[in-house]
Amino acid sequence: MATTGRIKPPLGHDNKWWWDQVAAGTLALQRCSQCHTLRHPPRPMCGECQSLSWDSIPASGRGTVASFTILHHPQFPGYQYPLIIVLVDLEEGLRITAGLSDCDPADVAFDMAVEAYIHEDADGFRIPMFRPATGRKI
Ligand SMILES: [Zn+2]
């Protein structure tokens, strides 16, 4: 998908740890230390019990496409279009948005089984992406 020149995410206190996990090859899910509710995207407080304590678990990476969009415009340098962006229902019960690769835009479908992997751009930046499920691990 993108090779270089990708717009990098702003990193702050609440999300840098997650991107560090991605850089290390893990798609992490934040978990409340009090009630064990999972949440994504990362944020400081549990929405269920308001606890500020948390840890994380590695996601299986398995999920299904809940929705998707195919971007043709505007085209930013460093990306190959069309871009397929999917909203994935992870098997852990959370949703995550990411790019979908290894798939013809005409073949994307609701409820399609997908799996996460960590994509690395030419400049070394790593980002979670999905591809049609094959049973491979992240
Ligand atoms: Zn909680």
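Leaving aside its neighbours within four places in sequence, with which residues is Ala98 in contact? Select Ala98 in this predicted model and then bring up Val86, Val88, Pro128, Met129 and Phe130, since these are the residues it contacts once its neighbours within four places in sequence are left aside.

**The core around Ala98**

Extend the selection next to the largest nonpolar core, which has 18 residues and in which Ala59, Val86, Val88, Ala98, Val114 and Phe130 have the most contacts. To see where this core comes from, colour β1 (28-32), β5 (83-90), β6 (95-100), β7 (113-120) and β8 (126-132), the elements that each give two or more residues to it. Of these, β5 provides the largest share, namely four residues. Both domain 1 (11-58) and domain 2 (60-138) give residues to the core, so the core lies between them.

**The two domains**

Now colour by domain, with 11-58 as domain 1 and 60-138 as domain 2. If you place a marker at the C-alpha centre of each, the two markers will lie 21 Å apart. Where the domains touch, seven residues of domain 1 are in contact with eleven residues of domain 2. On the domain 1 side of this contact, five residues are nonpolar and two are polar, while none is charged.

**The three-stranded sheet**

Select β1, β2 and β3 next, which form an open sheet in the order β2-β1-β3 with antiparallel pairing. The edges are taken by β2 (38-39) and β3 (54-58), and each of them has a single partner strand, so one side of each is left without a neighbour in the sheet. Strands of a sheet pair through backbone hydrogen bonds, in either a parallel or an antiparallel arrangement. Here, β1 and β2 run antiparallel and are joined by two bridges. To look at one pairing in detail, select Gln30, whose bridge partner in β2 is Arg39.

**The whole chain**

Finally, return to a cartoon of the whole protein, in which one helix and eight strands can be followed; from the N terminus on, the helix comes before the strands, in the order α-β-β-β-β-β-β-β-β. Along its principal axes, the C-alpha trace spans about 45 × 30 × 25 Å. The radius of gyration is 15 Å, which agrees with the value near 14 Å that a compact globule of 138 residues would have. Colouring by burial will pick out 20% of the 138 residues as buried. In a contact map limited to residues at least 6 apart in sequence, 53% of the contacts join residues at least 24 apart.

Methods: Residues numbered from 1 in each chain as written. Predicted model: local features only at pLDDT ≥ 70, side-chain atom pairs only at ≥ 80, totals over all residues. Domains from an automatic or database assignment. Contact = placed C-beta atoms within 7 Å. Nonpolar A, V, L, I, M, F, W, Y, C, P; charged D, E, K, R; others polar. Rg over C-alpha atoms; globule rule 2.2 N^0.38 Å. Buried ≥ 20, exposed ≤ 12 C-beta atoms within 10 Å, placed from the backbone. Core = buried A, V, L, I, M, F, W, Y, C linked by C-beta atoms within 7 Å. Pairing = 2+ DSSP bridges.
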